[in-house]
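Colleague: I would like a close look at a single part of this model. Please walk me through the sheet and whatever packs on it.

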Amino acid sequence: MDYFAMVARESDGGITLAREQVGEEFLGTGEVTIKVHYSSANYKDLLAITPRGGVVRNYPIVPGIDLTGEVIASESDDFATGDQVVAHGYELGVSRNGGFAEYARVPAEWVVRLDGLSTRDAAAIGTAGFTAAMSVQALLDNGLTPDDGAVLVTGATGGVGTVAVDILSGLGFEVIASTGKTDAGDLLAEIGANEVIGRLPLDPDAKPRPLDKATWASAVDSVGGASLAHVLSRIGYGGAVAASGLTGGADLPTTVLPFILRGVRLLGIDSVFLPIAERRALWTALGKDLRPQHLSTIESLTPITEVNAVLQSIKNGTHSGRTVISVAGEF
Ligand SMILES: NC(=O)c1ccc[n+]([C@@H]2O[C@H](COP(=O)([O-])OP(=O)(O)OC[C@H]3O[C@@H](n4cnc5c(N)ncnc54)[C@H](OP(=O)(O)O)[C@@H]3O)[C@@H](O)[C@H]2O)c1
């Protein structure tokens, strides 16, 4: 069975991503074969085609860290032909061929049957939106309620950020959106932000304070770096920050003071190796209580043949929201 895929290959110190016809050996091993309907563009897909990006060890590879589609063959009792499914994380698109292809074959224990979400909606949520849901769930599990006060979302126009704003506002929280994009106010208000502020710290030249005025009850942070340190210094007593990303840097120049004087908790969020039972439960919640209300505003649709341009927009900082990559029928 030959099929089309976008294949990343190393060449002259760079990495190219181009359409190729590939053979069945590209599918690899696994119990579930999926006809891919959609993938999506994530920051990690950009890293997969970036020299020394640190996520792919061996090329060639088909990137695409998430995919949604229909099961066309299954050797697992848990899945049947015709099931609508999503798979993301684990080795997908980094050490096993991923979603930027007409077909994918994956282990059954990586697959989630969709419940209340279309394959298009699930791709609009994708890895970034699932990470947002994990972050919100971690804050809820820490006891956060709308009565506690405003919740901050950093990197608010990004994939994690937009879906976090949407889910939190749908749950009745007052949401403060921090963004570097000066023209994003209308979009963020439309998806539920009550207030839009700049990137943090607002004055990057000011001397960092280990403890600042308590401003937000909790936060969803996908930026990391000095921004996360600043956010920690402004979380109220007993609050938490769910931290998932590093677009603002991997260093965390903080002190123990927010933790030992205000009982602030730093909650690490990893979507990649989240065990499958928790993953399936959270996807069910995403079709119900945690369902984002404004996916049609957050998402845009791009054919797989234009995925290079979308990844470039993530690189140059002009991308916002979630880009669904349309795969079926697009090669
Ligand atoms: N832990 C996990 O399982 C997991 C899963 C998914 C993603 N992530 C990580 O989470 C982060 C965000 O992913 P994403 O898919 O949401 O990416 P994205 O769509 O590219 O969004 C990232 C956002 O970060 C902000 N940003 C960009 N450069 C920045 C800078 N230099 N300083 C401060 N903010 C900056 C921008 O928002 P504004 O312009 O609105 O400020 C941008 O839209 C990435 O680091 C990604 O690797 C982790």
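Modeller: Here is the sheet, strand by strand, and then its helix. The model is predicted: local features need pLDDT of at least 70, side-chain atom pairs count only at pLDDT 80 or more, and totals for chains, interfaces and linings use all residues. Residues are numbered from 1 along each chain as its sequence is written.

The sheet is open and has six strands. Their order is β10-β9-β8-β11-β12-β13, and the pairing is parallel. Strands here are DSSP E runs of at least two residues, helices are H or I runs of at least four, and both are numbered from the N terminus. Two strands pair if DSSP finds at least two bridges between them.

The edges are β10 (195-197) and β13 (265-268). Each of these edge strands pairs on one side only. From one strand to the next, the twist averages 20°. Axes are lines fitted to C-alpha atoms, for helices over the stretch in contact; angles run from 0 to 180 degrees between N-to-C directions.

Now the β13 edge. Its partner is β12 (residues 240-243), parallel to it over four bridges. Within this part of the sheet, Ala240 stands opposite Arg265 in β13.

Helix α5 (residues 225-233) packs on the sheet. It touches β8 (151-153), β11 (218-221), β12 and β13. Contact means that the C-beta atoms of two residues, placed from the backbone, lie within 7 Å. The direction of α5 makes about 160° with that of β12.
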